[in-house]
Amino acid sequence: DLRLLLPSSRPLCFDVGANKGQTIRMLQTCLDQPVIHAFEPTPALYDRLQMQSWGDEVNIHPMALGSAKSVMELHTYAVNELNSLLPLSGGKQSPFEDVAATGTVTIEVSTVDDVCARQGITRIDLLKIDTQGFDLEVLKGAAGLLAKGGVWHVLVELNFVNLYVGQSSPWAVQSLLSQVGFHVVDYYEKNRHGKEL
C-alpha cells in the first residue's frame with residue numbers, strides 16, 4: 001500500500017518512535033529514495049541507530065514527540081519495544097504483565113509542528129507514529145500542519161486493549177484524523193489477546 005500511496009521519488013517521512021530502525025529499513029526497501037526523519041528518545045536505542053549506515057537521507061533525532069515542548073520521564077522495560085512516556089498498566093488484561101520495568105530516563109519532548117518549523121518542512125508525505133499509547137499526543141502536536149493539509153498519509157498504532165496508563169483511545173485517534181479529512185486505508189498486523197483485537 002505504501003508503494004501505491006507514495007509513488008513519487010524522495011517522499012518525506014517522519015518515523016516517530018524509531019526503536020531499532022525497523023520502519024527505516026521498511027521505508028528504504030519499499031519507497032524510492034525516501035527522506036526520513038526518525039525520532040527515538042531512548043538513549044541506548046538512539047546511539048544504536050546513530051551507529052548504523054542508513055545513508056545521507058536519514059536524520060536521527062534524540063527526542064520524543066508529543067502535544068507540547070517539554071521534558072518528561074520515559075519508562076523503560078526489559079522489552080525495549082514497550083518503552084513509553086506512559087507506564088504499562090499491568091494486570092490480567094495486559095499481555096505484558098510479566099515484563100520487567102528497568103527504570104526511567106529524563107528526555108526532551110518536541111512537537112511535529114515545532115520540528116517542521118525549525119527544519120523548514122511544509123509537507124510530510126508519511127507520518128508514522130508508534131509511541132506506545134502516546135500516539136494521540138503526537139497528532140495533537142501536528143495540529144498546525146494537519147490543519148493546512150501538510151500531512152498526506154498517517155500510519156499510526158492503535159491499542160484496543162488497555163496496555164498503558166492513560167493511553168490514547170483508538171476511537172479518539174481515528175476521530176481526530178477524520179476531522180481533518182483522513183480516511184482509513186486498512187488495519188495492518190492485527191494482533192489478538194484472547195478474543196480481543
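**Contacts, a three-strand sheet and a small-volume cavity**

Leaving aside residues up to four places away in sequence, Gln-174 touches Leu-158, Val-184 and Tyr-187. This comes from a predicted model, and the rest of the picture should be read in that light. Gln-174 sits in helix H7, which covers residues 170-179. Is this glutamine buried or exposed? Its relative accessibility is 19%, so Gln-174 counts as buried, the cut-off being under 20%.

Leu-158, one of the contacts of Gln-174, also turns up in the lining of the largest cavity. The other lining residues there are Asp-135, Glu-157, Asn-159, Ser-168, Ser-169, Pro-170 and Val-173. Pro-170 and Val-173 fall within the 170-179 stretch of H7. By type, the lining splits into three nonpolar, three polar and two charged residues. The volume of this cavity is about 30 Å³, and the count of cavities of 30 Å³ or more comes to one.

Moving on to the strands, E4, E6 and E5 make up an open sheet, in that order, with mixed pairing. E4 and E5 are the edge strands, each with a single partner, so one side of each has no neighbour in the sheet. In general, strands of a sheet pair through backbone hydrogen bonds, in either a parallel or an antiparallel sense. Here, the parallel part is the pairing of E4 (residues 64-65) with E6 (residues 101-110), which rests on two bridges. Ala-64 is set opposite Val-109 of E6, while Leu-65 has Ser-110 of E6 as its bridge partner. On the antiparallel side, E5 (residues 70-77) is joined to E6 by eight bridges. Within that pairing, Met-72 has Ile-107 of E6 as its bridge partner.

Then there is helix H2, residues 22-30, and which of its residues are buried? Thr-23, Ile-24, Leu-27 and Cys-30 are. These residues span an arc of only 150° around the axis, so they lie on the same side of H2. As for what they pack against, the list takes in both helices and strands. The helices are H1 (2-5) and H3 (43-51). The strands are E1 (12-16), E2 (35-39), E3 (58-61) and E7 (126-129).

Methods
Residues are numbered from 1 along each chain as its sequence is written. This is a predicted model: local features need pLDDT of at least 70, side-chain atom pairs count only at pLDDT 80 or more; totals for chains, interfaces and linings use all residues. Side-chain values use heavy atoms; hydrogens and water are left out. Two strands pair if DSSP finds at least two bridges between them. Helices (H or I, at least four residues) and strands (E, at least two) are DSSP runs, numbered from the N terminus. On a 1 Å grid over the protein atoms alone, a cavity is a set of points where a 1.4 Å probe fits but cannot get out, and a pocket is an open set with protein on both sides within 12 Å along at least five of seven lines; lining residues have an atom within 4 Å of a point. Grid points are joined across faces, edges and corners, and a volume is the space filled by probe spheres set on the points. Ala, Val, Leu, Ile, Met, Phe, Trp, Tyr, Cys and Pro count as nonpolar, Asp, Glu, Lys and Arg as charged, and the others, Gly among them, as polar. Buried means under 20% relative accessible area, exposed over 50%, partly exposed in between (1.4 Å probe, protein chains only). The arc is that of the directions from the helix axis to the C-beta atoms. Contact means heavy atoms within 4.5 Å.
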